[in-house]
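User: I have a structure open and would like to go through a few spots in it. Can you take my questions as they come?

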Amino acid sequence: MLFASTAGAGHFGPLVPFVEGARRGGHDVLVAAPAAFGPFVERAGFPFWPCGDTPPEQWAAVMARLPSLSFEEANNVVIGEVFAGMDARATLPRMQEAVEQWRPDLLVRESAEFGSGIAAEQAGVPQARVGIGLGASEKWMLRVAAEHLAALREEAGLPGDATGGLMGSRPYLTLVPPSMEDPVDPGPEPAYRFRAVHRQPEPLPDWWAGNEDPLVYVTFGTVAPGMPGLGDLYRGVLAALATLPVRILATVGDTVDPATMAAGPNVRVERWIPQGNVLPHAAAMVCHGGFGSVHGALTAGVPLVVVPFFADQPINAQRVAAMGAGLAVTPPDPGEVVKGLLTILGDDSFTLQAERVADDYRQLRPADDFLDVIGTPALRL
């Protein structure tokens, strides 16, 4: 099986349970992604097929435009110009080589990785997609992407797909339980819902020398800490939280020096820690609302303070608040984050509701069963 991802931890994360499940089932697996993302794939322990990277200057030019745009405009730019435009065009040649040389029986891509989908369609390889967020985001992602993929599809000799209907017909796998979905727009149907099979967590180092204050995990993902303005905001949030009687473990990704984020003796800043090792010990999580962060916290029954910036983060923040499993802080402000965290830590109802959501996740079938569930007829689409 060939699995495909864009160069983002939040995009690769939802694929991981399915890669692991396929491998436990005795299948050969290969992960294709932009070359720069190789360390993430290899850190997860999977064989890696490097594809073309979007030139950094192109990516930076698009990112520089986003702060001046509305939420909807910014999402359309990222999905259309980045994922379905620059990224798909950069990865397609090597995705085609992977399909031609490795001849997978099945391609599984995360929803925003489109180059592999075109390569698989060209070769007649069955494919499925894994959602990288709530189901409500799938429809507009497909619609926006279809418009920008039109030229690339034509160059590849494929029929038109102006509304994304063909892309949307592929089996849709998700790690989201029905209770987490927006009741007004639960997303694609049918949706094949699964849970990750979690590994036994490894113990954390005793960075706080016997301090027994509550542990708060803080992450703004792997992209935001390195962005102009957002990095300063993250630093301000850590400094504000450092004044509280809590232990703070923060992660910043590979592009930021943890030493530049130091905020106090009760704050430990690392580049990367597996969430599964942190969340069993955490009393609360402060995050940007990325799907991987929200999903990780709720599967562990950990309440959240969500500080959303862009993409699907505001949607995820609203859903967390609506379910009573946390609070949303908008617009982002360090002082309001402190107030939100104190509220979460002082009111057990948030933890109880987060634990109820975790129970909903536990009712789902393990991702190891995904081939049995979607079945051969679905894969003929």
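Analyst: Go ahead; keep in mind that this is a predicted model.

User: Where does T91 sit?

Analyst: T91 is part of helix 5, which covers residues 71-102.

User: Is T91 buried or exposed?

Analyst: T91 has a relative accessible area of 3%, and because buried means under 20%, T91 counts as buried.

User: What does the side chain of T91 reach?

Analyst: The backbone oxygen of A88, at 3.4 Å.

User: And which residues further off in sequence is T91 in contact with?

Analyst: Leaving aside neighbours within four places in sequence, T91 contacts P34, C51, G52, E113 and G115.

User: OK, the core. How many residues does the largest nonpolar one have?

Analyst: The largest nonpolar core has 41 residues, and F114 and L149 have the most contacts inside it. Several elements supply at least two residues each, including strand 2 (30-34), strand 3 (48-51), helix 6 (115-123) and helix 7 (136-155).

User: Which element gives the largest share?

Analyst: Helix 5, with 13 residues of this core.

User: What is L149 in contact with?

Analyst: Without counting neighbours within four places in sequence, L149 is in contact with A84, A88, F114, I118 and M167. Apart from that core lies another of 30 residues, and V218, L244, A250 and V267 are among them.

User: Now the sheet. In what order do the six strands come?

Analyst: The order is 10-9-8-11-12-13, in an open sheet with parallel pairing. Strand 10 (267-270) and strand 13 (326-328) are the edge strands, each pairing on one side only. From one strand to the next, the twist averages 15 degrees.

User: Which helix packs on the sheet, touching strand 12 and strand 13?

Analyst: Helix 12, residues 313-322. Its direction makes about 140 degrees with that of strand 13.

User: Back to strand 10. How many bridges join strand 9 to it?

Analyst: Four, and the two strands run parallel; strand 9 is residues 247-251. T251 has E270 in strand 10 as its bridge partner.

User: Last one, G10. Where is it?

Analyst: G10 is in helix 1, residues 9-12. G10 has a relative accessible area of 36%; buried needs under 20% and exposed over 50%, so G10 is partly exposed.

User: How far apart are G10 and Q318 in space?

Analyst: They are 18 Å apart, C-alpha to C-alpha, with their places 308 residues apart in sequence as the separation.

Note on methods. Residues numbered from 1 in each chain as written. Predicted model: local features only at pLDDT ≥ 70, side-chain atom pairs only at ≥ 80, totals over all residues. Heavy atoms only, no water. Buried < 20%, exposed > 50% of the residue type's maximum accessible area, 1.4 Å probe, protein only. Polar contact = N/O pair within 3.5 Å; in protein donor to acceptor, adjacent residues only side chain to side chain. Contact = heavy atoms within 4.5 Å. Pairing = 2+ DSSP bridges. Axes fitted to C-alpha atoms, helices over the stretch in contact; angles between N-to-C directions. Core = buried A, V, L, I, M, F, W, Y, C linked by side-chain atoms within 4.5 Å.
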